[in-house]
Amino acid sequence: MAASIAGVFENDLQQAINSSKVFVVGAGGIGCEILKNLVMSGFNDIEIIDLDTIDVSNLNRQFLFHKQHVGKSKAEVARESALSFNPTVNIKAYHDSTMSADYGVNFFKRFAVVMNALDNRMARNHVNRMCLAADVPLIESGTAGYEGQVELIKKQLTQCYECLPKAPQKTYPGCTIRNTPSEPIHCIVWSKHLFNQLFGENDPDMDVSPDTADPDAAGDAGMAALKGEANDQGNVTRVTTREWAVKSNYDPEKLFRKLFHDDIKYLLSMGNLWKNRTPPKPLVFGEVPDAVAGCSNETDAVLKDQKIWSVAECVEIFSSSCRNLYSQQQRLDLGDNLVWDKDDKDAMDFVASCANIRAYIFGIPQKSRFDIKSMAGNIIPAIATSNAIVAGLVVLKAFYVLRGQLENCQSVYLRNKPNHKNVQIVPEACLVEPNSKCYVCSPKHEQMGVVNGSILKADDFLQNYELNIVIVQRCLTRDGPLFEIIGSETAKPGSPEKLQPENGQTDDDDDVVHVIDGESTSNATSSIRKRKLET
């Protein structure tokens, strides 16, 4: 390896490489390249973490994985493959989420540098905060097609990942999603909402039932359907999707009839919607086409996930995924819900099949499972060369960090095309200073004028709840006032209602913290009310 060959690196860097413990967060496209670079450079103590398992779609760019590895842990297989380059390296792999409580500030303090190779904003925010709290340099990286970036995040030296607001994800009007979809993405968003309605955390803003308040519909839209005779199959009585699913024991045929027949007929009763649009066609369970119109993909050359399913296949996959997800839901603790994950087979099958059935009903072209996964997971197609370039820059920045030359760690951008200076890998002129108003990394302390009876609101962005902190002065002592701090969890809009106990008592899910002369003790820990799907 490079660090073991005299003259490749200067002595100080060679020694730092040999003695430093580093942490790679993510074993995907960039993570595989970073791990390979670290091993080949001579790093001897590496830890890597990734929650995901290997999917066939990963094989075109995540070169440490091969066909026989599909379904296995990314972190563990990446470790095994990297050891084939240098069996003497100490690599520890974690098949886990970096947001787990097992990986707190003390865990991060063990490393000389942390390298992010993540694909979602929530995990990036978490690692950003852990590294700031541990005062450990973080090298953040990412790619989007042919573009990419690498930046150093160091407490009180550079801006952190959350110093500047990120562009919000694109949203779509609710009436379009529920009533008049015209693009595949509309059907995909509807299907993700449906997953939450049936199996996840119920959010009224994500209702999938027809919207009678649609401004394009008549004022009394759907009233004829409401006056119709109620039946035991569902939608005429306009019960919520979750209520109907529970009453039906999640029977796939009954769910299909409600979602793709009764609800569609209800939409057709809104005559104004279809004056200038092609009306949808309700489907009957067991009477659906068994071929894809205008498409011939029954060849060995088409990968399984890139094949467009017929409507009959979609119905079969919808039925099996419903049963499997309901079974998973039954095994959860009371109050827990499933969380949609693009890498969970049943969850992804459910969304893909529902989206294509709905697309067929509205005359919208159907998509392959591969394409739906990319759109549902907000995935921008990854380019292997972009990942390799960015990963190389990550390790070069790590060299500067280990030598204490942080001033040479300016952010670097990989551009889709050369700039006016004919350069595609473009560095910043200098380090970008922290945002003085950043609520995550700003060292500025605010005087809030906290007195007896003050109520503070603490917002936990990761667990989706707020805490009302009540300051109560109990008595005066020679050393000053003695305060008690009481926290009461408050559900956010769209989250399950939190029942407040009587007589001022708190239940086991509330945080109650007493502070006496600066010492704190906690007699309860708030629970996380949602679980990731088992894989």
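Here is a friendly conversation about aromatic rings, a helix and the nonpolar cores of this predicted model.

Trainee: How are the rings of Y94 and Y103 arranged as a pair?

Mentor: Let's start with how such things are described: a pair of aromatic rings is characterised by the distance of the centres and the angle of the planes. By this rule the count comes to 22 aromatic pairs. For Y94 and Y103 the centres are 5.4 Å apart and the planes stand at 80 degrees. Planes over 60 degrees apart count as edge-to-face, so this pair is edge-to-face.

Trainee: Are Y94 and Y103 buried or exposed?

Mentor: The cut-off to keep in mind is under 20% relative accessible area for a buried residue. Both Y94 and Y103 are buried.

Trainee: Which residues of helix α1 are exposed?

Mentor: Look first at the buried ones in α1, residues 11-19: they are L13, Q14, A16 and I17. These cover an arc of only 165 degrees around the axis, so they lie on the same side of α1. Their cover includes α2 and α14. On the other side of α1, the exposed residues are N11, Q15 and S19.

Trainee: Which helix gives the most to the largest nonpolar core?

Mentor: That core has 51 residues, and F260, F318, F350 and I357 touch the most other members. Several helices supply at least two residues each, including α7, α10 and α11. With 10 residues, the one that gives the most is α12.

Trainee: Which charged residue sits over the ring of W190?

Mentor: W190 belongs to an aromatic cluster, together with F195, F260 and F318 among others. A charged end lies 4.3 Å from the centre of the W190 ring, and it belongs to R358.

Methods. Residues are numbered from 1 along each chain as its sequence is written. This is a predicted model: local features need pLDDT of at least 70, side-chain atom pairs count only at pLDDT 80 or more; totals for chains, interfaces and linings use all residues. Side-chain values use heavy atoms; hydrogens and water are left out. Rings of Phe, Tyr and Trp (its six-membered ring) pair if their centres lie within 6.5 Å; planes under 30 degrees apart count as stacked, over 60 as edge-to-face and the rest as tilted. Buried means under 20% relative accessible area, exposed over 50%, partly exposed in between (1.4 Å probe, protein chains only). A charge sits over a ring if NZ of Lys or CZ of Arg is within 6 Å of the ring centre and within 35 degrees of the ring normal. Helices (H or I, at least four residues) and strands (E, at least two) are DSSP runs, numbered from the N terminus. The arc is that of the directions from the helix axis to the C-beta atoms. Contact means heavy atoms within 4.5 Å. A nonpolar core is a set of buried Ala, Val, Leu, Ile, Met, Phe, Trp, Tyr and Cys residues joined through side-chain atoms within 4.5 Å.
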